[in-house]
Amino acid sequence: GMHAQSSHLAELSSIPARSRVCGRGARPRVRASAGAARSMATLAMSTPCRNPPLVLILAAHLLVSGVLAAGETSRTFAQEGEKCNGSLPPEFAVLCAGDMECRTETGLLGAWGACTRPAQQIEPARVKRGEKCMASLSPKRAVLCEGDLHCKTKLIGGWGVCAPFESDAAPAPAKKGEKCNRSLHPSSARVCEEGLACRTRLLGGWGVCTLVESDVVPVPMKHHVPDVIRRHRCDVAWCSHFTKYALPYSVEIGTSDLRWIAPFADGTSKEQGTAVLLSEPHLSLRVNTTDAWEAGYFSSNRYTPDPMNSTLCTCEYMSRDVPGSPIFLSDYLIAQVPNSAHRPFAEVCAPFLRNCPADNRTAFELIGAPFTEMYTNCMPMTEEVVIATSGGSDLVEAAPSPLWAYVSNALAITGFSLFALVLAFGSRGVMAQDDDQDGYLSIE
């Protein structure tokens, strides 16, 4: 007792004389041992002082600081399985020794728990073929399938049954007269047998398997270009892609096809293309004239160079609104089939054959903006300038036009503007029109 009291008093002797009693000058050190704090309190109580309350406050402050300092050096550490709580003040907290964790059963923050070793990664259970499975739960509760099996469910996130992956092979093809749909997922699509085509009225809808020959005759010569424009050679004075091509370029309208050569504007190469008619054109004559007309039909075209080697299936319209004015061609894309340039036009576009809208204005409203070309300087082709439509001879490129030709092209562009206004406001009359299916052209 006396020895301890002496040592505590010796510790207090390190406090400056001005701050030993009565609060004269600087404050005493905050961090002192618990024994020194008690000795300070005893000394303050037994020493005459002119300000006793201040001495008591300092003694109490040192006493609390000593308790905290003692708590820092006397924390309790629990072993595995013992109770723990690290949320209490330091002097009362019970921590876990080593790398153990204090895990509470209730899951409440600040509650008492037990010291446990860190849990290892939990592997989900795995079941065999035909057993119930659920992959959407946490790893502790999930039930997965073994090996190359997968959990086949009716609802996403629901319980299912372990089964092998289904083959990606196409389902059994449909026969003639049976329903078909090639636009669905491979597991649900219904394709037609060899030699049949799925004929639909709406792109992506269900159709009926019919013979290809009954839909489109592979020889496109059956469907002819209208007499009013057949076997003509024209200059394309304007087109929707006017920045891509060097205008004008040549187009030749044969008996049943159209061919063109279009040099690129940058001079690197030129585009060569062919289009064929896959349905009989329906001709409409304007009121009070036989030189103003419109023809609509289903067609197919392809061109080179084309990195995708595609075939385009389109609803196409040719028209002349005013006698002597330019001829306009409008192409409405229905389908683009890549890697099909080696196949016949009719075979590629047979699945997409449809009744095109009755006229150009209706097609614009139903399908959207077309690719448009404006033909000027259309002249009948004589035997000397006819370009073969089969056999491989090339088209003759458009020769440089004289000054009068450029003037006529400028007038043609003005005519195109008038045509656009007429098309927009629909101010035109029709004397004869073949639309036998509620505003749609027949494909027969």
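## A nonpolar patch on the surface

Let's start on the outside. Leu-88, Phe-92 and Trp-112 together make a nonpolar surface patch of about 310 Å². Keep in mind that this is a predicted model. To find Trp-112, look in the loop between β4 (101-103) and β5 (113-116).

Is Trp-112 buried, exposed or partly exposed? Its relative accessible area is 42%, and partly exposed covers the range between under 20% and over 50%, so Trp-112 counts as partly exposed.

## Rings that pair up

Now for the aromatic side chains. Searching the whole structure turns up 4 aromatic pairs. One of them joins Tyr-245 and Phe-264, with ring centres 6.0 Å apart and planes at 15 degrees. Planes under 30 degrees apart count as stacked, so that is the label for this pair. The two rings come from distant parts of the chain, 19 residues apart: Tyr-245 sits in the loop between β14 (232-239) and β15 (249-253), while Phe-264 sits in the loop between β16 (257-263) and β17 (270-277). Tyr-245 is buried, because its relative accessibility is 6%. Phe-264 is buried too, at 14%.

Another pair is made by Tyr-317 and Tyr-332. Why is this pair called edge-to-face? The ring centres are 5.8 Å apart and the planes stand at 85 degrees, and an angle over 60 counts as edge-to-face. Here, too, distant parts of the chain are linked: Tyr-317 belongs to strand β20 (residues 311-320) and Tyr-332 to strand β21 (residues 327-337), 15 residues apart. Tyr-317 is buried at 1% relative accessibility, and Tyr-332 is buried at 1% as well.

Back at Tyr-245, there is a bit more to see: ring pairs tie Tyr-245, Tyr-249 and Phe-264 into a cluster.

## Strand β17 and its partners

The loop that holds Phe-264 leads into β17, a strand that is mostly covered, with 6 of its 8 residues buried. Strands of a sheet pair through backbone hydrogen bonds, either parallel or antiparallel. What is the sense of the pairing between β16 and β17? It is antiparallel, and it runs over 7 bridges. Along the way, Leu-258 stands opposite Ala-275 in β17.

The hairpin of β16 and β17 has 6 residues between the strands, and in it Gly-267 takes a positive phi near 75 degrees. β17 also pairs with strand β19 (residues 293-304), again in the antiparallel sense, over 6 bridges. In that pairing, Val-276 has Ser-300 in β19 as its bridge partner.

## A sheet of three strands

Elsewhere, 3 strands build an open sheet in the order β7-β10-β9, with antiparallel pairing. Which strands are at the edges? They are β7 (132-133) and β9 (149-152), each of which pairs on one side only.

Between β7 and strand β10 (residues 160-164) there are 2 bridges, and the two strands run antiparallel. One residue to look for here is Cys-133, whose bridge partner in β10 is Gly-160.

## The two ends of helix α6

Last stop: helix α6, which covers residues 360-367. At its start, a side-chain oxygen of Asp-359 comes to within 3.4 Å of the backbone nitrogen of Arg-361. What comes just after α6? There you find Gly-368, with a positive phi of about 120 degrees.

Methods:
Residues numbered from 1 in each chain as written. Predicted model: local features only at pLDDT ≥ 70, side-chain atom pairs only at ≥ 80, totals over all residues. Heavy atoms only, no water. Polar contact = N/O pair within 3.5 Å; in protein donor to acceptor, adjacent residues only side chain to side chain. Helix = DSSP H or I, 4+ residues; strand = E, 2+ residues; numbered from the N terminus. Pairing = 2+ DSSP bridges. Patch = residues over 30% accessible without salt bridge, like charges linked within 9 Å, V, L, I, M, F, W, Y side chains within 5 Å. Areas by Shrake-Rupley, 256 points an atom, 1.4 Å probe, with all protein chains shown as cover. Salt bridge = Lys/Arg side-chain N within 4 Å of Asp/Glu carboxyl O. Buried < 20%, exposed > 50% of the residue type's maximum accessible area, 1.4 Å probe, protein only. Phe/Tyr/Trp six-rings, centres within 6.5 Å; stacked < 30°, edge-to-face > 60°.
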